[in-house]
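The following exercises are to be worked with the sequence and the coordinates at hand. Each task is followed by a solution in steps.

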Amino acid sequence: MKEAVTKLKTEFNAKLLYWNNLKSSKAKAAIILLFLVVIALKVFTTIFSLDWVASLFSV
């Protein structure tokens, strides 16, 4: 468990270092936009798939 937490901290620090080293604001904006699009896609696909399953049982 302790090794997993250490590995997680190391990965987080690596990502934070990468983010801090990005000089281009366009690249940062693109990464944020991509992150938001992925989250939106996951939410909408979950909603649509559950709606589809619910419609199967309502018949």
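**Exercise 1.** In which helix does alanine 30 lie? Determine also its exposure class and its separation from threonine 10.

*Solution.* The model is a predicted one.
Step 1. Alanine 30 belongs to helix H2, which comprises residues 25-57.
Step 2. The relative accessible area of alanine 30 is 44%. Buried requires under 20% and exposed over 50%, so alanine 30 is classed as partly exposed.
Step 3. Threonine 10 is 20 residues away from alanine 30 along the chain, and their C-alpha atoms are separated by 24 Å.

**Exercise 2.** Test whether the length of H2 agrees with the expected helical rise, and describe the contact at its start.

*Solution.*
Step 1. H2 has 33 residues, and the rise is taken as 1.5 Å a residue. The expected span uses one less than the number of residues, which gives 48 Å for H2.
Step 2. The end C-alpha atoms of H2 are 49 Å apart, in agreement with the expected value.
Step 3. At the start of the helix, a side-chain oxygen of serine 24 comes to within 3.3 Å of the backbone nitrogen of lysine 26.

**Exercise 3.** Characterise alanine 40, valine 43 and threonine 46 by helix and by exposure.

*Solution.*
Step 1. Alanine 40 is located in H2, as are valine 43 and threonine 46.
Step 2. The relative accessible area is 30% for alanine 40, 41% for valine 43 and 40% for threonine 46. Because the partly exposed class lies between 20% and 50%, alanine 40 is partly exposed, valine 43 is partly exposed and threonine 46 is partly exposed.
Step 3. Alanine 40 lies 25 Å from asparagine 20, C-alpha to C-alpha, at a sequence separation of 20 residues.
Step 4. Valine 43 contributes to a nonpolar surface patch of about 820 Å², whose other members are Ile32, Phe35, Leu36, Ile39, Phe44, Ile47 and Phe48.
Step 5. A polar atom of the threonine 46 side chain is 2.7 Å from the backbone oxygen of lysine 42.

**Exercise 4.** Compare the overall dimensions of the protein with those of a compact globule, and assess its surface.

*Solution.*
Step 1. The secondary structure consists of two helices and zero strands.
Step 2. For 59 residues, a compact globule would have a radius of gyration near 10 Å, whereas the protein has 19 Å.
Step 3. The C-alpha trace spans about 55 × 40 × 5 Å along its principal axes.
Step 4. Of the 59 residues, 2% are buried.
Step 5. The accessible surface is about 5800 Å², and carbon and sulfur atoms account for 74% of that area.

Terms used:
Residues are numbered from 1 along each chain as its sequence is written. This is a predicted model: local features need pLDDT of at least 70, side-chain atom pairs count only at pLDDT 80 or more; totals for chains, interfaces and linings use all residues. Side-chain values use heavy atoms; hydrogens and water are left out. Helices (H or I, at least four residues) and strands (E, at least two) are DSSP runs, numbered from the N terminus. Buried means under 20% relative accessible area, exposed over 50%, partly exposed in between (1.4 Å probe, protein chains only). Patches are made of residues with over 30% relative accessible area and no salt bridge: like charges are joined within 9 Å, nonpolar side chains (Val, Leu, Ile, Met, Phe, Trp, Tyr) within 5 Å. Accessible areas come from the Shrake-Rupley method with a 1.4 Å probe; for residues, only the protein chains shown count as cover. A salt bridge is a side-chain nitrogen of Lys or Arg within 4 Å of a carboxyl oxygen of Asp or Glu. A polar contact is a pair of N or O atoms within 3.5 Å; within protein, one must be able to donate a hydrogen and the other to accept it, and residues adjacent in sequence count only if both atoms are side-chain atoms. The radius of gyration is taken over C-alpha atoms; the globule rule is 2.2 Å times the number of residues to the power 0.38.
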